[in-house]
Every structure is written in C-alpha cells, then in structure tokens.
Amino acid sequence: MTGPLHWILQVGAITKFGLLSIPQRRGAVTATVIGVAGVVAVLVGVLSIAAGFQKVMAVSGSPDSAIVLRSGADSEMVSGFGRDQTRVIGDAPGVARNDRGPLSSAELFVIINLPKRATGLDANVPLRGIESAAWQVRDDMQIVQGRMFEWGKDEVIVGSGAAREFAGLNVGSKIKVGRYEWPVVGVFSAKGGVPESEIWSDAKVLQAAYNRGDSFQSVRVRLNSPGAFQEFKDSLTSNPQLNVKVIRQSDYYVEQSETLTRLIATLGFLIAFLMAIGAVFSALNTMYSAVAARTREIATLRALGFGSGAVVVSLLIEALLLAVVGGVIGGSLAYLAFNNLHTSTMNFQSFSQVAFAFQVTPRLLVRGVVWAAVIGLIGGLFPAIRAARLPVALALREL
Amino acid sequence: MNESGTDNGALVHVDGVGKVFHRGSEDIHVLTDLHLQVPAGEFLALMGPSGSGKTTLLNLIGGLDRPTEGSVTIAGESVHQLSDRRLAGWRARHIGFVFQLYNLMPTLTTERNVELPLLLTHLSKSERKKHVAAALAMVGLSHRAGHYPRTLSGGEQQRAGIARGIVTDPTLLLCDEPTGDLDRKAGDEILKLLHALNREHGKTIIMVTHDPHAPARAARTVYLNKGQLSSEPLA
Ligand SMILES: Nc1ncnc2c1ncn2[C@@H]1O[C@H](COP(=O)(O)OP(=O)(O)O)[C@@H](O)[C@H]1O
Ligand SMILES: [Mg+2]
C-alpha cells in the first residue's frame, strides 16, 4: 500500500477510468478542448505577429554598421544634414573604406502613398534616396529581378516586401513621385530585413524632385569592425561642427520595433488572458461534471482502499491531458493558419509600412502549451479536491 | 455466542456503538449503544426494516464511516481511531465489499474489475493474474473474464462483484443487500455461493439483507430495530 510504485499504479488505474469514460462526457470534453485550443491559437497567432515583426527588425542591422542622425531625432523623418556635415561623418575614424572612398551613404527619406494590394487603401511607403555605398553599409543586399537603377536617372528599384504588399510595384510599371512618374526597373531583397519594405532611388534625383537642395536626413556607415563603433561615435559627438547622435544599426532597429512589438504582445496577452478565463470555467465545468458522473465510481474505489491523493492526482492528470490536447490543436491551427503569412503594418517610429511574415516559432508553441497546461491544472484542481473530500459512505448511497 | 462483549476470541467487536446523523437542525439517532461480536469463520445475516441502520452499521465495521460513540475493533485493530489515510490502506488489506448494485466499472472487463483491489497490493502482474483467475473460478465466472459488465446478467455481475470482494483474501467480506437487485433464482444462487465461500473457504461474511431465504443460508441471523440488535425478528 506504500511505495511510490504502487501509488503510481493507483493513479494510473484511476486516470484510465477517467479517460475511458470520456466518450460518455463527449460534449463537455469537446467544449473544453476547443476552448483551450482557441486560447492557444489566439495567443500564438497574435504573438507570432510580434515575433515576425521583431525578426524583420533583428535581421536588419548588423553591429558593425552605424546610423547617424541629428541629435534629438528619434527617426530619420525628423533628422537633417547638409552635404558638408555628411562628408565629415564619412571621413571620421573607424569607417571602413574601399578604393572609391569611405563606405558611407548619405540618405534621404520621404514617404509616398501607394494602395495596398490586400485592401486597395493607401498607405505610407518609404522612398529612400541613396548613395552607392548604400549596398555596402547594409547586409545581404541583392537585385532579384530587373536591374539596379542608373545613377542620375529618374528610376527606382523596390524592395521585395514592398513589391508584394503594394499595388503597382512591378518591374516595368511606373510610380507617382510628386509631379513625376518614375519607372520601376528592379526588385531587391535584403534577407528579409527592413530595406525590403522600401523603394530606393538616387539621392541626388530625389533631392531635386523634392527641392531639398543638397541636404540629407541620415548617414549610414560600415565600420572597420564592431569594436570601432566607440571610436567613431566619440569622434563625431566631440566634434563641435556637428550635433549628432550615433547608433549601431542593430540597436536602431530594435529600438524602432519596440513600441509596436510591445503593443502587439500586450494586446495578444490581454485577449488570450480573457479567453483563458473562459477556458478555465469550461475546464472547471467539464471536470466537475466528470466528478459528478463518476461519484459512485470514485466512492467505490475509495471503499476498496484507493487513496484520496491518488484520486486528486488522476483527476488533475485528466484535466491536464485534455487541456494539453487542446493546446496542441490550437498551436497547430495557429501554425497552419499564420506561419509565414505575409503582411505589412505601420511602424509608428518611422510612420511607414514594414512588410513582414507571421512567425510561429517553437518558443511560441511551447508557450501556448504551457498556457494550456495552466488552464487545465486550474480547471482540474477544485473538482479534484471536491472528489477527494467526498464522504465515501454518503457517496455510495447516491444512485 | 453472546451479545455482551465478553467473547474475546471474536474477529469483530462492536462495543457500545452509537451513530447520530445530522440533517439540518435535526439529529437522527440511527444506532444506540449497540454491541455485536462476530467470530472468525461466521456467516452472519443482518436483517431489519428499511432505514433501521443496517448499512450504517456495515459501513462502521468496514471503516467507511466512524461511530459517534463506542468502538469498532477488528482483528485487534481499533478501526474507529485510524486516520483517513490509514483507514484506506486498512480497508484494502482487510475488507472485501459487495454492493447491492455491484458497482463494477463499466469501462473495464470483468477480470480488470476483479483485479482492481490487487492494484493496492505488492503483487506482480502475473501474480495478480493468477489471483484473478482463482477468484473468478471460485464464483464460477471464468468464462466471462473478458466480458464487459453491461453484457453480463445481474447474477453474473454480482458474481463479479463477489470475486472482486474476495480476490485479496480479506479478513472480512461485507455484503450490503447482495441479492436486493436480483430475481429469486439469481438471488438464491448468490446466497448459495456466499454459503459455499463460508463453508468451503472459511470466509467470514457479514451480509445485510432483506432476503427471506437468507437466514436459511447464514449461520446466524441478527435483527436491527430502533438502533439495537436482537436475535429475534420483531413480531
Ligand atoms: N449521511 C447521512 N446523513 C443523514 N442521514 C443518514 C445518512 N446516512 C443514513 N442516514 C439515515 O440513517 C437511517 C439509516 O439508514 P441506513 O443505514 O441506510 O438504513 P438501512 O440500510 O437499514 O436501510 C436512515 O433514516 C437514513 O436516512
Ligand atoms: Mg441499506
């Protein structure tokens, strides 16, 4: 009667009755499994949006590149430099060079309106004017269709994410930029990073179109090494000619994505939490009815000498199993429905659209199943305690 | 045999037991200063009108409930003083229960039902199998070992219930109206089976019953009325 092995045998036997009696309680059991599946699907689904957005941001910046903005500017939108300043920045120590000079791209950033393919509604799309080093200060840039624009010509190339999300961004079609119509001559990729959501043109051409004179909004540089960042930063911030802030590109994108990912995650948790409360009640109902339906069975087992602890544990296991089954179903549904689903959203920090894909990561799935397990345990606990406290003699009189 | 509690050789000693139930503000005195001794190897029938407290007394002896007053001692163990946890283990070792409605697990086959109490012992799987086979043979149900309870007749289900009650070879077999839900023929067969278990296998049995054929099979019959036992039915 003692010893863990015998106790496990008892628990196993009672658990088995519970599971075998599930067909007789089909309705309540199904409701619970579906309830938990719904919670997990929503949780995993919403958090996969945040994970997808974060992933885009995370692959966008490498630690050996930096972005320079005017001091006090949170984004390129509100930053500005003259040509003389961008030159000083490019010549600063720590900046990598090739035979054509420093790997430094002074860039212009404007926003144009284009209709989304999915909704037909206009959204903000970033249009960036670049210098030739733009290809070196970013990672894994590649033309995947068409060709690069010709310098000095009214032409644009578009990121593959933007091409997917917005109407009219095909090689051969034209986009309206202010008073002009510029042909799209190529599509580029950036390993899934933020540039893929942008449209690029020659900075000089864009300056002229927008009457910006010879001004820029940001400078991006490739550093000699990640360790060269401090030297580069110090030389710029100590230069009285300049009034700038210097950020590693990797940090910049993390910062850019923070508000949105936090918002999405909070929203996801909130919705999932509210649904989880509902699911707990469903689980409670199922397990209370399980206990009620099996009162005489449980009392009989207790009369035969089965312990109340074994009854509690086996009911908890049953609730846990039901909930985890629901969790796995919900996680699978979320995976099938959402994983790699492409979409785009407004990034509040740049006021423009970022294209990304939902990411149902293994970590999210594990998190979903953990939620399911917690729901099951809470839903099973009180009915299990009730079953254990059942006075045996009284329960045997029932029915 | 006397009812006064001086026979110290008895297996079951019920001494001065009182049992009061509370229903709302009302106290229900079901048993008052009740004495009973059952020697090992006896087959005792416990009769009395419905609601007289027969089940209550059986539950006290079987450790399913505690007396309000007095003591229940079985094979030297003061049952009424055991903790709930110890009581469960004690029941597993010493008591076999047979219920009026059989109380078999519908989702288990006959042999799995009979095996249940053995899960509380240290027997290996193969030993359990042997014990189950022996118990089923004793009640004449070997041919139904793999069947589910719902496919058995009432009499067969009660045989399965009895097999489950005796499979651990308990000190005491307690039956609460074992023939109460059976027709005459099946009821008589169950009485005959209990009689044989007592005679041929030496089982000590206490049987609560309404069955008029029970006194003929039992070694002794006592009658419960107004909370007390007597050896004569009330006129
Ligand atoms: N748990 C309980 N609470 C209140 N009253 C009870 C309880 N158990 C039994 N009784 C009452 O005690 C009396 C005796 O019941 P019982 O022992 O079942 O009688 P019998 O088995 O002889 O028919 C009945 O009046 C019954 O209603
Ligand atoms: Mg009764």
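Here is a short chat about how chains A and B meet, and about ligand 1.

Trainee: What makes the numbering and the values work here?

Mentor: This is a predicted model, where local features need pLDDT of at least 70, side-chain atom pairs count only at pLDDT 80 or more, and totals for chains, interfaces and linings use all residues. Residues are numbered from 1 along each chain as its sequence is written, chains are lettered from A and ligands numbered from 1 in the order in which they are written, and side-chain values use heavy atoms, with hydrogens and water left out.

Trainee: How many residues make the contact between chain B and chain A?

Mentor: Contact means heavy atoms within 4.5 Å, and 27 residues from chain B and 25 residues from chain A take part.

Trainee: How many salt bridges count between chain B and chain A?

Mentor: Zero. A salt bridge needs a side-chain nitrogen of Lys or Arg within 4 Å of a carboxyl oxygen of Asp or Glu, so no pair between the two chains counts as one.

Trainee: Where does ligand 1 lie?

Mentor: Between chains A and B. Near means that a heavy atom of the residue lies within 4 Å, and among the 14 residues around ligand 1, those that come nearest include Arg397(A) and Thr56(B).

Trainee: Why is the pairing of Thr56(B) with ligand 1 called a polar contact?

Mentor: A polar contact with a ligand is a pair of N or O atoms within 3.5 Å. An N or O atom in the Thr56(B) side chain is 2.5 Å from an oxygen atom of ligand 1, so the pair fits.

Definitions and conventions:
Polar contact = N/O pair within 3.5 Å; in protein donor to acceptor, adjacent residues only side chain to side chain.
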